[in-house]
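Q: I have a structure open and would like to learn how to read it feature by feature. Could you walk me through it?

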Amino acid sequence: MSKSVAITGMGIISAIGNNVEENYLSLINGKKGISKISKIDTIHKDCIMVGEIAYTNADLEKSLDLPADHNYSRSSLLGAFAAKQAVENAGITNMAKYRSGLISASTVGGMDMTEKYFYDYIENPTNRKYIDGHHLGDGTQKIAKLLGIEESFVSTISTACSSAANAIIIGSRLIKSGKLDRVVVGGTDCLSKFTINGFKTLMILSDTYNTPFDDARKGLNLGEAAAYLVLESDEIVKAENRKVLAYVKGYGNTNDAFHQTASSENGDGATAAMEKTLRVANLAPKDVDYINAHGTATPNNDLSEGRAIIRVFGEEVPPFSSTKAYTGHTLAAAGGVEAIYAVLALQNNVIFPNLNFKNKMKEFSITPETSLIKKELNTVLSNSLGFGGNCTSVLFSKKP
Amino acid sequence: MENTYYISNYCSIKNGKASLNGNSQITSSETEIPLVLKNIYKELDLNYRKFFKMDTLSKLSFLAAEMLLKTPTEAIEERDIAVVLSNNASSLDTDRKHQKSIADSTNYYPSPAVFVYTLPNICIGEICIRHRLYSENSFFIFDDFSGEHLFDYASSLISSKKSNEVLCGWVNVDEENYEAFMYLVSTEKSKIEHTTKEINRLYQEL
């Protein structure tokens with residue numbers, strides 16, 4: 001049994017950088033990664049903006065040193081790239097020394113290859129190798145193998161936009177209960193026509209830069225990313241003399257029993273998730289120093305989440321911002337990306353600006369932080385609110 | 001497991017017959033699933049328009065839950081009922097419908113209304129939305145009905161205080177075959193003890 005859950009390594013690739021350092025520099029310099037789409041030939045290319053990663057599949061293949069006949073989808077390539085970085089960052093040289101596991105989140109899996117070759121499979125055997133790479137678990141297995149943990153506890157989470165945050169919860173619980181000593185947690189999602197068309201059908205894609213918590217917000221920009229964190233027990237931290245980056249202090253996952261896709265207008269699920277997180281962390285609302293909001297810039301999310309924040313924090317809402325304007329909404333990876341941003345906020349005592357905000361929402365008086373703020377931070381609350389009301393909050397802290 | 005729990009009520013829908021606690025409640029002369037489910041909906045005298053948007057698995061699960069939980073009340077919300085369902089056909093019935101709509105590259109029209117049901121646990125969502133259950137829930141896919149797994153899961157949820165009661169069951173739709181078996185596990189003493197043996201016995205009775 002471990003009393004606390006330490007974060008000892010982080011790895012990330014997103015539209016604003018290929019590692020943790022690059023992401024941090026973009027965040028503090030207000031450099032967003034949103035552009036027109038270049039890597040997918042979609043009929044919507046002129047009416048959407050996305051958070052695309054600069055690396056091509058060939059770049060990633062080369063970096064991972066994969067054989068020519070591999071069947072990695074782009075999600076798997078990104079996931080493997082970021083997870084490897086996280087393990088290296090933690091300084092792990094012998095994975096087998098401790099009971100280690102992997103919880104990886106994805107919603108896209110190998111869909112990018114499936115949609116490319118689907119009609120071709122019947123006639124042409126060359127690309128059939130990608131059929132095996134379609135399902136979400138395949139990417140997880142590939143990452144596990146690469147990290148040398150395929151024999152241990154390996155699982156895949158797919159709960160829409162809260163997926164990676166839920167991976168963090170499961171990993172934390174496995175460590176707290178003493179089932180594992182170390183768990184690599186996070187998520188990966190590449191862009192695909194599947195998600196672009198799906199979100200287009202729901203009419204929640206913005207044709208310009210997304211503007212979280214703005215009254216005139218037009219919807220989200222999809223983004224691609226992979227982000228993983230290494231969680232370790234007190235025992236490893238002590239034995240290996242680890243540098244702890246931050247701790248996972250509390251978490252809560254709820255369903256708001258409202259609709260298959262939308263979140264309830266009053267944010268019932270998000271409210272319950274934040275309250276549960278504070279209970280697990282044994283902290284009061286006033287103890288939260290910064291909220292990294294889900295803030296996707298869809299009309300539904302920002303209204304629902306804003307109301308939930310007010311319900312939990314009342315008159316004293318802590319500084320909050322959404323970093324989706326930088327990265328786009330990276331779906332299953334979002335909870336991992338933003339967990340890393342929360343840790344960076346704690347390490348550097350900074351609150352990242354909510355870019356593109358101009359107009360206060362008419363439904364309430366709270367507004368996000370719009371400039372980089374230097375402030376002593378001890379705790380950061382990160383929200384990940386999924387479709388269908390799968391709502392998750394995770395609280396990160398400097399102290400165990 | 002030290003604590004003894006009880007099965008307070010159970011129900012089933014199979015072969016055109018809906019039963020509660022072993023007693024036949026509604027019999028439909030129809031043979032096609034949609035018509036059978038429509039009959040049961042009418043007999044239960046429900047007024048819930050969302051029902052007609054659901055896929056077959058959700059309709060079946062919704063009706064079985066309706067028989068056990070009755071009309072939603074505030075009291076149900078307060079009872080803190082977790083939901084643990086299982087089957088072996090996942091959402092295949094709806095997956096096939098969706099597949100048909102995308103099979104022809106020249107005549108391609110997937111429907112979001114169908115697509116949204118291409119996951120088995122959506123039926124749990126429908127039950128939660130109807131009865132305002134904010135509780136724990138899980139959907140398992142097994143080769144066959146597994147009373148043992150349901151027993152372990154429900155017992156653990158109650159003993160670890162994750163919920164007060166658990167709505168458990170097996171809801172399966174595969175082509176023309178369908179069956180629903182649901183039961184409520186409670187701490188309140190009643191005639192049927194919550195044991196793997198009893199769960200399997202009630203399921204076999206279907």
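Q: Let's begin with helix packing. At what angle do α3(A) and α5(A) pack, and how far apart are their axes?

A: The general idea is that two packed helices are described by the angle between their axes and the distance between the axes. Please keep in mind that this is a predicted model. Here α3(A) packs against α5 of chain A, residues 136-147, at about 35°, and the two axes are 9 Å apart. As for handedness, α3(A) and α5(A) cross in a right-handed way.

Q: Which residues of α3(A) and α5(A) meet?

A: From α3(A) come A:Ser75, A:Ser76, A:Gly79, A:Ala80, A:Ala83, A:Lys84 and A:Val87, and they meet A:Gly139, A:Lys142, A:Ile143, A:Leu146 and A:Leu147 of α5(A). Sorted by class, this contact has six nonpolar, four polar and two charged residues.

Q: Now the confidence scores. What are the ipTM and pTM of the model?

A: A word of care before the numbers: where pLDDT is low, the predicted coordinates should not be read in detail. For this model the ipTM is 0.75 and the pTM is 0.90. Chain B has a mean pLDDT of 93, with 99% of its residues at 70 or more.

Q: And the interface: how many residues of chain A are in contact with chain B?

A: Eleven residues of chain A touch eleven residues of chain B. On the chain A side, these comprise four nonpolar, six polar and one charged residues.

Q: What does UniProt place at residues 2-398 of chain A?

A: The record, an unreviewed UniProt entry, gives "domain: Ketosynthase family 3 (KS3)" for that stretch. In the model, residues 2-398 of chain A are 33% helix and 19% strand. The C-alpha atoms at the two ends of this stretch lie 17 Å apart.

Q: Next, backbone torsions. Which sign does phi have at A:Asp65?

A: Positive: phi of A:Asp65 is near 60°, and the residue is not a glycine. To place it, look in the loop between α2 (57-64) and α3 (74-90) of chain A. A:Asp65 is exposed, because just 6 other C-beta atoms lie within 10 Å, and 12 or fewer count as exposed.

A: There is another case at A:Asn349, also a residue other than glycine, with a positive phi of about 55°. You will find A:Asn349 in the loop between α12 (334-348) and β12 (350-351) of chain A. It has 15 C-beta neighbours inside 10 Å, so A:Asn349 counts as partly exposed.

Q: On to burial. Is A:Ile196 buried or exposed?

A: The idea is to count the C-beta atoms around a residue, with 20 or more making it buried. A:Ile196 has 20 others within 10 Å and is therefore buried. This residue sits in helix α7 of chain A. Setting aside neighbours up to four places away in sequence, A:Ile196 contacts A:Thr42, A:His44, A:Ile48, A:Leu191 and A:Leu222. One of these, A:Thr42, is 154 residues away along the chain, yet the C-alpha atoms of A:Ile196 and A:Thr42 are separated by 8.6 Å.

Q: Where is A:Ile204, and what does it touch?

A: A:Ile204 belongs to the loop between α7 (193-201) and β7 (222-223) of chain A. It counts as buried because it has 20 C-beta neighbours inside 10 Å. Beyond four places in sequence, A:Ile204 touches A:Phe199, A:Gly219, A:Leu220 and A:Thr298. By contrast, A:Leu66, 138 residues from A:Ile204 in sequence, is 37 Å away from C-alpha to C-alpha.

Q: In chain B, is B:Met54 buried or exposed?

A: Buried, because 23 other C-beta atoms lie within 10 Å of B:Met54. The residue is in the loop between α1 (33-43) and α2 (56-69) of chain B. Its contacts, leaving out neighbours within four places in sequence, are B:Lys59, B:Phe62 and B:Glu126. The C-alpha atoms of B:Met54 and B:Glu126 are 8.4 Å apart, with their positions 72 residues apart along the chain.

Q: And B:Glu175: buried or exposed?

A: Exposed, because B:Glu175 has 10 C-beta neighbours inside 10 Å. It lies in the loop between β6 (165-174) and β7 (177-186) of chain B. B:Leu92 is 83 residues from B:Glu175 along the chain, and their C-alpha atoms are separated by 8.6 Å.

Definitions and conventions
Residues numbered from 1 in each chain as written. Chains lettered and ligands numbered in written order. Predicted model: local features only at pLDDT ≥ 70, side-chain atom pairs only at ≥ 80, totals over all residues. UniProt positions renumbered as here; feature names shortened; annotations may be inferred. Helix = DSSP H or I, 4+ residues; strand = E, 2+ residues; numbered from the N terminus. Contact = placed C-beta atoms within 7 Å. Nonpolar A, V, L, I, M, F, W, Y, C, P; charged D, E, K, R; others polar. pLDDT = per-residue confidence, 0-100. Axes fitted to C-alpha atoms, helices over the stretch in contact; angles between N-to-C directions. Left-handed = near helix turned anticlockwise from the far one by under 90°.
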